[in-house]
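Trainee: I should like to take a close look at one part of this structure, namely its charged side-chain pairs. Please guide me through them in a connected way.

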Amino acid sequence: MRRPNLLIHIGLMILASVIIVLLALLWMNLFTRHGSSVEIPDIYGLPESEAEELLDKAHLRYEVIDSVYTSEVPKGAVYDLTPKAGSRVKAGRIIFITLNASYPRNGIIPSLIDVSERQARARLVSLGFENITPSYVAGSFDDLVMGIQLPSGQALAPGTRVPLSTPLILLVSVATSDSIPHGALQPYDSIMGSGEYPLPSDSISHTSEPNEDESWM
């Protein structure tokens, strides 16, 4: 008499296990939205408000992760997105976008007097400056920075705020003319020294904190 009861209990346990597995698979399917995907709309060049509407219609969320300053798209418009437009992703996915800033990103000129050219360049690059050209001038020692100026010859004092894309001339001392690298830029020489890249006066400002980096937006 015990054997049928045992078989019934075993059968009920197997049935319960099957039901639990099926429910788990169903829950996982709903949770991961298996088989449900949407196409990322093309929002390049659109204002953030319009981009948000299109992403919302596609059941996607977004997050602004960066800003650039470019003439390729209007100010405040979407410049880049990840994943790219046309990709298929799961509904509810967060799309990371980069906006075009309203103004150029600024940096602060640090104090670099009497440091080596390599150290000065590394410092400027770490602050975000993109266009740095050395110009060699006569001095008592080799490879010491004597100042920073614009291509027009205007000196930039430590603490001056300028757009990070501004071409900078790094004045580096040399004790003899033999120390000047072949083909190197000379002071007020070549196109760079002709004033072809004037900087608008309203883009230059000064601060008493030369080591502080400038935030964007």
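Trainee: By about how much of the helix are Glu 117 and Arg 121 separated in helix H3 (residues 117-127)?

Mentor: Glu 117 and Arg 121 are separated by about one helical turn, because they lie four residues apart in helix H3. Please bear in mind that this is a predicted model. The two side chains form a salt bridge, in which the closest N and O atoms are 3.9 Å apart; the cut-off for such a pair is 4 Å. In general terms, side chains of opposite charge can pair when their charged atoms come close. The surroundings of the two partners may be stated as well. Glu 117 has a relative accessible area of 14% and is therefore classed as buried, the limit for that class being under 20%. Arg 121, at 29% relative accessibility, counts as partly exposed.

This pair belongs to a set: a search of the whole structure finds three salt bridges. Another of them joins the side chains of Lys 84 and Asp 80, with an N to O distance of 2.5 Å. Lys 84 has a relative accessible area of 46%, so it is partly exposed. Asp 80 is likewise described as partly exposed, with a value of 27%.

There is also a salt bridge between Arg 88 and Glu 39, whose closest N and O atoms are 3.8 Å apart. Here the partners come from distant parts of the chain: Arg 88 is in strand E4 (residues 88-90) and Glu 39 in strand E1 (residues 37-39), with their positions 49 residues apart in numbering. Arg 88 counts as exposed because its relative accessibility is 52%, and the exposed class begins over 50%. Glu 39, at 46% relative accessibility, counts as partly exposed.

For the wider setting, one may turn to a sheet. Three strands form an open sheet in the order E7-E10-E8, and their pairing is mixed. Strand E7 (132-138) and strand E8 (145-149) are the edge strands, each pairing on one side only. On average, neighbouring strands of this sheet are turned by 25° against each other, direction ignored. Strands E7 and E10 (residues 168-174) run parallel and are joined by seven bridges. Among the bridge partners, Ile 132 is matched with Leu 168 in E10.

To return to the request, the pair in helix H3 combines a separation of about one helical turn with a buried Glu 117 and a partly exposed Arg 121.

Notes:
Residues numbered from 1 in each chain as written. Predicted model: local features only at pLDDT ≥ 70, side-chain atom pairs only at ≥ 80, totals over all residues. Heavy atoms only, no water. Pairing = 2+ DSSP bridges. Helix = DSSP H or I, 4+ residues; strand = E, 2+ residues; numbered from the N terminus. Axes fitted to C-alpha atoms, helices over the stretch in contact; angles between N-to-C directions. Buried < 20%, exposed > 50% of the residue type's maximum accessible area, 1.4 Å probe, protein only.
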